Amino acid sequence: MPQIFSGHCLCGAVSYQLSGEIKRFYHCHCERCRRATGTGHATNIMITPVTAEKISWKGEEFIARYKVPEAERFTNAFCKQCGGGVPRYAPDLDVVVVPAGSLDVNPEARPQARIFWSSRADWSCDAGDLPVYAEYPPNV
């Protein structure tokens, strides 16, 4: 059943809303996510959108995007004013990738796994009860 997801960047210049269903919810420990966030991992929710517009924006003119040239999938979307992460549409997977920390309310789902565990920084958090995958889990 589709849910409404809304959120904003750190300064509030960019806000968003989308409707969809959670497809995946991961803590990613790859080097690119660590460098983009400055933390031990990025927590992203992949949402299958229900509308052709994908995301409804306020302040879209403040969004910057950076794609790592040699990366197949990695793109970072953020507010030009504060650097806060914002969602991005990933056409190859037909999902909207939402930085979980940008949401206005807690999602009903919880993280499903820790991915790219083989790239994890030694000082990062432990796996806890979540399954870990060296890279992508099967069927991604």
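D94 lies in the loop between β7 and β8, and its phi is positive, about 50°, although D94 is not a glycine. In this predicted model, D94 has a relative accessibility of 36% and therefore counts as partly exposed. A positive phi is also found at F116, which is likewise a residue other than glycine and has a value near 55°. F116 sits in the segment after β9, and with a relative accessible area of 15% this residue is buried.

**Residues around G40 and the segment after β9**

F116 is also one of the residues touched by H29, which is placed in the loop between β2 (15-28) and α1 (31-37). H29 has a relative accessible area of 0% and is therefore buried, since that term applies to values under 20%. Leaving out residues up to four places away in sequence, the contacts of H29 include R34, G40 and H41, and they also include R114, I115, W117, S119, R120, S124 and C125. With G40 there is, in addition, a polar approach, in that a polar atom of the H29 side chain lies 3.3 Å from the backbone oxygen of G40.

G40 can also be related to D122, a residue of the segment after β9 (113-115). Although 82 residues separate D122 and G40 along the chain, their C-alpha atoms are 9.1 Å apart. D122 itself is exposed, having a relative accessible area of 72%.

A further histidine, H27, is found in strand β2 and counts as buried at 11% relative accessibility. Beyond residues up to four places away in sequence, H27 touches H41, A42 and T43, together with P111, A113, R114, I115 and L130. H41, R114 and I115 are thus among the contacts of H27, and they are also among those of H29.

The accessibilities of the residues discussed so far are set out below.

| Residue | Relative accessible area | Class |
|---|---|---|
| H29 | 0% | buried |
| H27 | 11% | buried |
| F116 | 15% | buried |
| D94 | 36% | partly exposed |
| D122 | 72% | exposed |

**Nonpolar cores**

In soluble globular proteins, nonpolar side chains tend to be buried together. The largest nonpolar core of this model has 16 residues, and those with the most contacts inside this core are C28, C33 and V95. Two or more residues are given to this core by each of β2, β3, β8 and β9. A second core, separate from the largest one, has 11 residues, including F5, Y16, I45 and V96. C33, when its neighbours within four places in sequence are set aside, is in contact with C28, A42 and F74.

**The largest pocket**

Which residues are the closest to the centre of the largest pocket? The pocket has a volume of about 900 Å³, and of the 40 residues that line it, C33, A42, N44, F74 and R88 are the closest to its centre. C33 therefore appears both near the centre of this lining and among the residues with the most contacts inside the largest nonpolar core. The largest share of the lining, 5 residues, comes from α1, while β2, α1, β3 (42-49), β6 (75-79), β7 (88-90) and β8 (95-99) each supply at least two residues. By residue class, the lining divides into 22 nonpolar, 12 polar and 6 charged residues.

Methods:
Residues are numbered from 1 along each chain as its sequence is written. This is a predicted model: local features need pLDDT of at least 70, side-chain atom pairs count only at pLDDT 80 or more; totals for chains, interfaces and linings use all residues. Side-chain values use heavy atoms; hydrogens and water are left out. Helices (H or I, at least four residues) and strands (E, at least two) are DSSP runs, numbered from the N terminus. Buried means under 20% relative accessible area, exposed over 50%, partly exposed in between (1.4 Å probe, protein chains only). A polar contact is a pair of N or O atoms within 3.5 Å; within protein, one must be able to donate a hydrogen and the other to accept it, and residues adjacent in sequence count only if both atoms are side-chain atoms. Contact means heavy atoms within 4.5 Å. On a 1 Å grid over the protein atoms alone, a cavity is a set of points where a 1.4 Å probe fits but cannot get out, and a pocket is an open set with protein on both sides within 12 Å along at least five of seven lines; lining residues have an atom within 4 Å of a point. Grid points are joined across faces, edges and corners, and a volume is the space filled by probe spheres set on the points. Ala, Val, Leu, Ile, Met, Phe, Trp, Tyr, Cys and Pro count as nonpolar, Asp, Glu, Lys and Arg as charged, and the others, Gly among them, as polar. A nonpolar core is a set of buried Ala, Val, Leu, Ile, Met, Phe, Trp, Tyr and Cys residues joined through side-chain atoms within 4.5 Å.
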